[in-house]
Amino acid sequence: MTSLAVLALAVALVFSACQQSRSGEAQAAENAQPAAQSQRVGSTSAPSTADESEPAVAADDSEPQSTGEDAQQENAADEDAEQDDAGLSGETESADTAAAESEDAPMSKDDYKELAMENLTAEQYDICFLKGTEPPGSGKYDHFYEPGTYYCVVCGEPLFKSDTKYDSGSGWPAFYDAIGTDAVTTEEDNSLGMRRIEVMCSNCGAHLGHVFDDGPAPTGQRYCINSLALEFKPDEEQAESEQTESEQE
Ligand SMILES: [Zn+2]
């Protein structure tokens with residue numbers, strides 16, 4: 001009984017090794033295919049190409065090579081396949097994690113730029129990201145004095161209040177102060193043969209305009225800002241939306 005079982009086991013092993021060796025290359029190529037099927041694919045496609053383009057010798061040459069190192073090749077192929085799978089799932093996980101993180105993390109200036117390309121008009125994009133300037137007198141907020149707040153058109157951060165707005169006569173909206181010390185950042189701008197101080201949104205980096213020191217009291221500053229870089233909202237609307245938010249909480 002025992003020797004019969006050993007014999008049966010040995011036969012089974014030899015048979016399976018034989019199956020594996022014959023299907024080795026095809027299986028490596030089509031990982032999921034059953035051995036018999038991929039072997040059939042191999043045996044039908046190989047002779048046809050050999051007949052048409054190459055002498056039959058080429059097909060014969062490749063035969064012994066594949067039988068020689070079959071077992072090793074298959075093991076190697078299996079390991080490769082496993083590593084590939086692991087690598088793929090690893091990449092997928094890290095991509096998912098990155099996506100989840102980006103939802104929570106604050107948006108970078110590049111993120112805002114991408115968003116602006118989708119949402120802003122060409123004129124707005126030109127000003128906010130290419131440091132353009134709207135024609136004087138063309139802006140909708142040049143002679144506009146409703147009570148409210150001016151927000152960054154790119155990121156929506158509050159930048160200026162209507163009670164600091166005045167008519168500078170320059171053709172652009174002018175404010176003598178920003179809404180807070182951190183709302184805008186400034187940087188020396190020596191373009192166009194002038195020495196000016198550029199004003200940018202602190203949050204997203206959008207170009208807003210320039211600041212000059214010929215403004216009225218109490219600051220003596222003149223924030224000369226492009227209308228297209230701003231979005232005005234009246235104070236009532238703002239108060240209402242804040243009220244709605246607090247009601248929801
Ligand atoms: Zn902004």
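**Zinc site, sheet and core of the predicted chain**

Of the 249 residues in the chain, buried residues make up 27%. The model is a predicted one, and its secondary structure consists of 7 helices and 9 strands. When contacts between residues at least 6 apart in sequence are considered, 52% of them join residues at least 24 apart.

The zinc ion is coordinated at 2.3 Å by the SG atoms of Cys152, Cys155, Cys201 and Cys204. The angles subtended by the 4 donor atoms around the ion run from 104 to 115°, which makes the arrangement tetrahedral, and the donor residues follow the spacing C-x2-C-x45-C-x2-C along the sequence. Distant parts of the chain are linked by the pair Cys152 and Cys204, which are 52 residues apart: Cys152 belongs to strand 1 (residues 148–152), whereas Cys204 is found in the loop between strand 6 (196–201) and strand 7 (207–212). Both Cys152 and Cys204 are buried.

Strand 1 is joined to strand 2 by 3 bridges, and the two strands run antiparallel. Within this pairing, Tyr151 stands opposite Pro158 in strand 2. The hairpin that the two strands form has 5 residues between the strands, and Gly156 takes a positive phi near 85° there.

An open sheet of 6 strands was also found, with the order 3-4-8-7-6-5 and antiparallel pairing. Its edge strands, each of which pairs on one side only, are strand 3 (165–166) and strand 5. At the strand 5 edge, 6 bridges connect strand 5 with strand 6, and the two run antiparallel. Thr186, a residue of strand 5 (residues 184–189), stands opposite Val199 in strand 6. With residues up to four places away in sequence not counted, Thr186 touches Ile197, Glu198, Val199, Met200 and Val211. The relative accessible area of Thr186 is 46%, so this residue is classed as partly exposed. The C-alpha atoms of Thr186 and the zinc donor Cys201 are 8.8 Å apart in space, for a separation of 15 residues in sequence.

In soluble globular proteins, nonpolar side chains tend to be buried together. The largest nonpolar core of the present model holds 30 residues, of which Val154, Leu159, Phe160 and Val184 touch the most other members. Two or more residues are given to this core by each of helix 5 (109–119), helix 6 (122–130), strand 1, strand 2, strand 6, strand 7, strand 8 (222–225) and strand 9 (230–234), and the largest share, 4 residues, comes from helix 6. For Val154, once neighbours within four places in sequence are left aside, the contacts are with Tyr112, Ala116, Leu120, Cys128, Phe129, Cys204 and Ala206; one of these partners, Cys204, is also a donor to the zinc ion.

Turning to charged side chains, a search of the whole structure returned 5 salt bridges. One of the salt bridges is formed by the side chains of Asp235 and Lys161, at an N to O distance of 3.5 Å. Asp235 lies in helix 7 (residues 235–248) and Lys161 in strand 2 (residues 158–161), so this pair ties together parts of the chain that are 74 residues apart in sequence. Both partners are partly exposed, the relative accessible area being 28% for Asp235 and 27% for Lys161.

Two further salt bridges involve Glu188 with Arg195, whose closest N and O atoms are 3.4 Å apart, and Asp189 with Arg196, whose side chains meet at 3.6 Å, N to O. The surroundings of the two pairs can be described through their accessibility. In the pair of Glu188 and Arg195, Glu188 is partly exposed, with a relative accessible area of 44%, while Arg195 is exposed, with a value of 70%. In the pair of Asp189 and Arg196, by contrast, Asp189 has a relative accessible area of 9% and therefore counts as buried, and Arg196 is likewise buried, at 13%.

Definitions and conventions. Residues numbered from 1 in each chain as written. Predicted model: local features only at pLDDT ≥ 70, side-chain atom pairs only at ≥ 80, totals over all residues. Heavy atoms only, no water. Donors = N, O, S within 2.8 Å, 3.2 Å for Na, K, Ca; no water. Tetrahedral: all angles 85-135°; square planar, octahedral: opposite > 155°, others 65-115°. Buried < 20%, exposed > 50% of the residue type's maximum accessible area, 1.4 Å probe, protein only. Salt bridge = Lys/Arg side-chain N within 4 Å of Asp/Glu carboxyl O. Contact = heavy atoms within 4.5 Å. Core = buried A, V, L, I, M, F, W, Y, C linked by side-chain atoms within 4.5 Å. Pairing = 2+ DSSP bridges.
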